[in-house]
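Please open the model in your viewer and keep the sequence panel beside it, with the secondary structure shown as a cartoon. The tour below goes from one selection to the next.

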Amino acid sequence: MERKVIYRQDVKFFLNELIDILFENEFFGFKNDAKNYVLEIITYINNHNFKTGVRESPVVLRRFGQKFIKYKANPQTTWYIFFDHKDGKYLVNHILNNHSKDFPELL
């Protein structure tokens with residue numbers, strides 16, 4: 001069975017906006033560096049086997065997806081990728097990081 005990763009439209013929008021947010025808030029000095037950072041997140045998701053590191057979402061966060069994986073981008077930031085899956089298809093529903101207001105629910 002072929003594995004396929006699908007992104008909800010609002011997740012695509014968020015990732016695209018994240019480039020501007022990171023650059024405008026001076027997390028990166030060059031827009032291209034912010035773009036590469038976001039591309040690394042996307043590459044991680046697209047290449048993940050969804051077998052290792054998969055966790056059940058806490059009940060209060062299941063609105064984002066039944067399961068999630070973590071991506072540690074750097075020592076300060078971990079991204080949480082929420083998804084649902086069926087028949088080899090993985091729908092990425094939401095992405096947040098440890099700086100998000102929803103993060104304490106993951107502890």
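Which residue in strand 5 does Trp79 stand opposite? Select Trp79 in this predicted model, and the residue standing opposite in strand 5 is Asn97. Strand 4 (77-86) and strand 5 (residues 89-97) run antiparallel and are joined by 8 bridges. Follow the chain into the hairpin of these two strands, where 2 residues lie between them and Asp87 takes a positive phi near 50 degrees.

Now widen the selection to the whole sheet, which is open, contains 5 strands in the order 1-5-4-3-2 and has mixed pairing. Strand 1 (4-7) and strand 2 (55-56) stand at the edges with a single partner strand each, so one side of each is left without a neighbour in the sheet. For strand 1 the pairing is with strand 5, in the parallel sense and over 4 bridges. Select Ile6 to find its bridge partner Leu91 in strand 5, and then Lys4, which stands opposite Lys89 in that strand.

Next, display helix 1 (residues 9-24), which packs on the sheet and touches strand 1, strand 4 and strand 5, its direction making about 40 degrees with that of strand 5. Helix 2 (residues 31-47) also packs on the sheet, touching strand 1, strand 3 (67-74), strand 4 and strand 5, and its direction makes about 140 degrees with that of strand 3.

Stay with helix 2, whose 17 residues reach 24 Å from the first C-alpha to the last, close to the 24 Å expected at 1.5 Å a residue. Show the side chains of its buried residues, namely Ala34, Tyr37, Val38, Ile41 and Ile45. If you look down the axis of helix 2, these buried residues fall within an arc of 90 degrees, so they line one face of the helix. What do they pack against? Their packing partners are strand 1, helix 1, strand 3, strand 4 and strand 5.

For the last stop, select Ala73, which lies in strand 3. Is Ala73 buried or partly exposed? Its relative accessibility is 21%, and because buried means under 20%, Ala73 counts as partly exposed. Leaving aside neighbours within four places in sequence, Ala73 is in contact with Tyr37 and Trp79. Tyr37 is one of the buried residues of helix 2, and its C-alpha atom is separated by 8.2 Å from that of Ala73, although the two residues are 36 residues apart along the chain. Trp79 brings the tour back to the residue that stands opposite Asn97.

Key
Residues are numbered from 1 along each chain as its sequence is written. This is a predicted model: local features need pLDDT of at least 70, side-chain atom pairs count only at pLDDT 80 or more; totals for chains, interfaces and linings use all residues. Side-chain values use heavy atoms; hydrogens and water are left out. Two strands pair if DSSP finds at least two bridges between them. Contact means heavy atoms within 4.5 Å. Axes are lines fitted to C-alpha atoms, for helices over the stretch in contact, and angles run from 0 to 180 degrees between N-to-C directions. The expected span of a helix is 1.5 Å times one less than its number of residues. Buried means under 20% relative accessible area, exposed over 50%, partly exposed in between (1.4 Å probe, protein chains only). The arc is that of the directions from the helix axis to the C-beta atoms.
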